[in-house]
Amino acid sequence: MSFQPTPIDVPVIISVPGSGPTADSTPTLGAERRITPSWTVLQLKGKLETMTGIPPSCQRLKLKAPGRQDQWLEGDEQVLEIYGLSKGCEIEVHDTRPPAARPNFTDLSSVQKYELPTSTYESLPNSVLAWKKSQKLGRFDPKARSPEELMREQAQKDVEEVKKRGITVDARAIILPSSPPHIRRGTIRFVGPVPTIPFAGIKPNPASEDDESDAGVSSSEQQPLWVGIELDEPLGKNDGSVGGQRYFNCPAKTGVFVKPDKVEVGDFPPLGLDDDLDEDMEEI
């Protein structure tokens, strides 16, 4: 009996054509795999199923070899070595199933998601929550202040910032940090609490439709303060309203709410034609 050497595996590119309307559609899969030439076409299809998700009975394989015409691998019992596999070859795996019969693995909306119940998570001994409890961190710290206390402290800081910076309605101001040419300037239109902007740990308290005088705020001493500014240019985020509650009026995309420590009051004239000409001269 003559000695027969073991066939040498051949590195081949495995690809799956895209599902687009043109032949140039981007492939949905492209990976290099080593193939043994002594395999049959059916054996190869069985191994490709784990890569492509296409059942062997629905696969049709096309061999692309440099310098040769493309050919289909017909006959499941045929041995691959008769097709002259060589390094640089590519095998396209075509799915013969109708598009409607193919599973869509990219559509996550059809996948049922598991949600761990809160009670179950809280009972786990090796969770992040359990570690925080053991280390007495965050809300488990007996010395930690409540969100209400933190909010009152922030409100007091805001009041001091407003007084220190001379922030008043109708004053001109710029938003910090600002550096040319990215300087947002405008007119202060509102100074006060904005309960529709949530504070960490406290649910927003929007005003009712019948009460527009205080926007649902009991006292500015208990609520953090915000400065509403109407910008000279449409570089803002709103029209003076937040969370369905209006605090001042201005054109769309010119309103913005910032904290008092981000406001600098001063003689900042509105942007006009003269400013544009000066900027153009500086760029020449």
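This is a short chat about strands, loops, cysteines and a surface patch in a predicted model.

Student: Which strands does β3 pair with, going by β5 first: how many bridges join β3 to β5?

Tutor: Six bridges join β3, residues 59–64, to β5, and the two strands run antiparallel. In that pairing, K62 has E92 of β5 as its bridge partner.

Student: And how many bridges are there between β3 and β4?

Tutor: Two bridges, again in the antiparallel sense, with β4 covering residues 71–72. Here L63 of β3 has Q71 in β4 as its bridge partner.

Student: What sits between β3 and β4 in that hairpin?

Tutor: Six residues lie between the strands, and G67 of this hairpin takes a positive phi near 80 degrees. A65 is also in the loop between β3 and β4.

Student: Is A65 buried or exposed?

Tutor: A65 counts as buried because its relative accessibility is 9%, and the cut-off for buried is under 20%.

Student: How far is A65 from G84?

Tutor: Their C-alpha atoms are separated by 8.9 Å, while the two residues are 19 apart along the chain.

Student: Changing topic. How many disulfides does the structure hold?

Tutor: Zero.

Student: What about C58, buried or exposed?

Tutor: C58 is buried, with a relative accessible area of 15%. C250 is buried too, at 12%.

Student: OK, next one. Where does V169 lie?

Tutor: V169 lies in the loop between α4, residues 147–165, and β6, residues 172–175. Its relative accessible area is 44%, so V169 is partly exposed.

Student: Which residues is V169 in contact with, leaving aside its neighbours within four places in sequence?

Tutor: V169 is in contact with I188, R189, F190 and V191. Take F190 as one of them: its C-alpha is 5.9 Å from that of V169, with their positions 21 residues apart in sequence.

Student: Last topic, the surface. Which residues make the nonpolar patch?

Tutor: The patch is made by Y114, L116, Y121, L124, V128, W131 and L137. Its area is about 700 Å².

Student: Where is L116 found?

Tutor: L116 is in the loop between β5, residues 90–95, and α2, residues 118–123. That is the β5 that β3 is joined to by six bridges.

Student: Why can L116 count towards a patch?

Tutor: L116 has a relative accessible area of 39%, so it is partly exposed. Patch residues need over 30%, and L116 is one of the residues that make this nonpolar patch.

Notes:
Residues are numbered from 1 along each chain as its sequence is written. This is a predicted model: local features need pLDDT of at least 70, side-chain atom pairs count only at pLDDT 80 or more; totals for chains, interfaces and linings use all residues. Side-chain values use heavy atoms; hydrogens and water are left out. Patches are made of residues with over 30% relative accessible area and no salt bridge: like charges are joined within 9 Å, nonpolar side chains (Val, Leu, Ile, Met, Phe, Trp, Tyr) within 5 Å. Accessible areas come from the Shrake-Rupley method with a 1.4 Å probe; for residues, only the protein chains shown count as cover. A salt bridge is a side-chain nitrogen of Lys or Arg within 4 Å of a carboxyl oxygen of Asp or Glu. Helices (H or I, at least four residues) and strands (E, at least two) are DSSP runs, numbered from the N terminus. Buried means under 20% relative accessible area, exposed over 50%, partly exposed in between (1.4 Å probe, protein chains only). A disulfide is a pair of cysteine sulfur atoms within 2.5 Å. Contact means heavy atoms within 4.5 Å. Two strands pair if DSSP finds at least two bridges between them.
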